[in-house]
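Trainee: I should like a close look at a single buried residue, followed by an account of how the other parts of the structure are arranged. Please take one position and build the picture outward from there.

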Amino acid sequence: MGFRLTASCLVALCVAQASAATIAWTGIIDNNQWETANNWNPAQVPGPNDDVVIQKGNVQLTAAASVASLTMGGLFGKNATLTLFKAFFVSGSLTVQGNGFLNVNTGLDTVSGTVDVAGTVTVVDGTLGGEWTVSKIGTADLSNGNEKTLAGCNFVNKGALGLGGVIVLNQSSVFTASGVVTSDRNLMIQAQDATTVLFDASDATSFTYSTGLFSVQAPTKIGNFDFVSGNVTLFHSMSFVQLLTIPAGSYVTALGAITVTIPLGVAGKGALVSQCTEMTIGATKNGAGVMDGPISALSGSLIFSGSGGISTLIIDGGAVVVSEMLTTGSVQLKSGSVSGAGTLSAVVATLES
């Protein structure tokens, strides 16, 4: 079967092609507004078929817009800043070069596209969709206390990353961090729908948490976790890839129908509380770190899969399983059980009826 273009189709195609343009920011009106036609060259507000260039200047978008592509930065010694207050859609690519600054402050609106960041992206609030990549020389700042949502988004951060507030993962979103991660305020990682989502920092150079409450309510993996201060509460299954060191005055608590794995064991002077379906702790040996703080088994199964030494073990409703040799300074058995093929030895043992 042949294919034929009618005269009306040809006219429509020519009009569509003619409407596409490369539009560059000049900011000549000096009001920073995206919607002002005379701030652009040629003098027209960019549309969905246009390729947009912002080499320098401070641009604010206060009405929903879409473009074919956007390139920010590139002019030596000059910064290019775009602040989004409304929904923004890029059908092609959005490139933030080293001197580019993309600020997302869209409330409930969405910013979506294929985004490559070698400069800085700051997300105050709003929803991110599409494919986002922050390079090793880039920076992502999601550290404020607001809610930031990923919906159908694959966010890969290879550079410096600041976290805070609420990070919501929906619609099969995956957040991957492999650079330096820091958080110095309350942080919640949350899933709100039934899709499979993941926050994966298992390959992060470091993940430093230094204050407040870190609440995990979505599938999460953390590698080099530098726990300085604060508290961690786990409401969702989680894996700590490296040795978990809990500082004095802090605690890690696992609650509910979840599983937690700590294959390289625990250390530090803080407290670990197992009140979940199953927690598995690997070997904790001298030289690899000593757990001087108490470990409490309050419900479910607490499994010691390797040999090690801990200061205090409190069993009050949990089922402790010992696979190898576990030595403790003190065991307090209030209720619950101890079983397994290994041996549990204690300097002081207290049995309560």
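Mentor: In this predicted model, Phe 207 has a relative accessible area of 1% and is therefore classed as buried. Phe 207 belongs to strand β19, which covers residues 206-209. Setting aside residues up to four places away in sequence, Phe 207 touches Leu 163, Val 181, Leu 187, Phe 199, Ala 201, Phe 214, Ile 222, Asn 224, Phe 225 and Asp 226. One of these partners, Leu 163, lies 44 residues away along the chain, and the two C-alpha atoms are separated by 10 Å.

Two of the partners of Phe 207, Leu 163 and Phe 199, recur among the contacts of Phe 175. Beyond its neighbours within four places in sequence, Phe 175 is also in contact with Leu 142, Leu 150, Phe 155, Leu 161, Ile 167, Leu 169, Leu 198 and Asp 200. The largest nonpolar core has 83 residues, and Phe 175 is, with Trp 34 and Phe 88, one of the three that touch the most other members.

Leu 150 and Phe 155 lead on to Leu 128, since both appear in the contact list of Phe 175 and in that of Leu 128. Leu 128 sits in strand β10, residues 120-134, and is buried, with a relative accessible area of 1%. Its other contacts, again leaving aside neighbours within four places in sequence, are Val 104, Val 111, Val 123, Thr 149, Ala 151 and Cys 153. Leu 161, a contact of Phe 175, is 33 residues from Leu 128 in sequence, and their C-alpha atoms are 16 Å apart in space.

The loops offer a contrast in exposure. Asn 79 is in the loop between β6 (69-72) and β7 (80-84) and is partly exposed, at 48% relative accessible area. Apart from neighbours within four places in sequence, Asn 79 is in contact with Lys 56, Gly 57, Asn 99 and Phe 101. Ile 54 is 25 residues from Asn 79 in sequence and 9.5 Å away in space, C-alpha to C-alpha.

Certain loop positions also call for attention to the backbone. Most residues other than glycine have a negative phi, and most peptide bonds are trans. Asn 32, in the loop between β1 (22-25) and β2, has a positive phi of about 65 degrees although it is not a glycine; this residue is partly exposed, with a relative accessible area of 28%. Gln 171, likewise not a glycine, has a positive phi of about 50 degrees and lies in the loop between β14 (165-170) and β15 (174-177). The peptide bond from Asn 41 to Pro 42 is cis, its omega being near 0 degrees, and Pro 42 is placed in the loop between β2 (40-41) and β3 (51-54).

Another proline, Pro 263, occupies the loop between β26 (251-262) and β27. Pro 263 is partly exposed, with a relative accessible area of 46%, and touches Phe 240, Val 241, Gly 282 and Ala 283 when residues up to four places away in sequence are not counted. Ser 305 is 42 residues from Pro 263 in sequence, yet the C-alpha atoms are 8.1 Å apart in space.

Gly 282, one of the residues touched by Pro 263, also helps to line the largest cavity. A search of the whole structure finds 1 cavity of 30 Å³ or more, and the volume of the largest cavity is about 40 Å³. Its lining consists of Val 266, Ile 281, Gly 282, Thr 284, Ile 295, Phe 304, Gly 306, Ser 307, Gly 308, Ile 310 and Leu 326. The elements that give two or more residues to this lining are β29 and β30 (308-322). By character, the lining residues divide into 6 nonpolar, 5 polar and no charged.

Strand β29 also takes part in a charged pairing. The structure holds 1 salt bridge, in which the side chains of Asp 292 and Lys 269 meet at 3.6 Å, N to O. Asp 292 lies in strand β29 (residues 291-304) and Lys 269 in the loop between β27 (266-268) and β28 (271-281), so the pair ties together parts that are 23 residues apart in sequence. Asp 292 is partly exposed at 39% relative accessible area, whereas Lys 269 counts as exposed at 58%.

Note on methods
Residues numbered from 1 in each chain as written. Predicted model: local features only at pLDDT ≥ 70, side-chain atom pairs only at ≥ 80, totals over all residues. Heavy atoms only, no water. Salt bridge = Lys/Arg side-chain N within 4 Å of Asp/Glu carboxyl O. Helix = DSSP H or I, 4+ residues; strand = E, 2+ residues; numbered from the N terminus. Buried < 20%, exposed > 50% of the residue type's maximum accessible area, 1.4 Å probe, protein only. 1 Å grid on protein atoms, 1.4 Å probe; cavity = no way out; pocket = protein on both sides within 12 Å on 5 of 7 lines; lining within 4 Å. Points joined across faces, edges and corners; volume = space filled by probe spheres on them. Nonpolar A, V, L, I, M, F, W, Y, C, P; charged D, E, K, R; others polar. Core = buried A, V, L, I, M, F, W, Y, C linked by side-chain atoms within 4.5 Å. Contact = heavy atoms within 4.5 Å.
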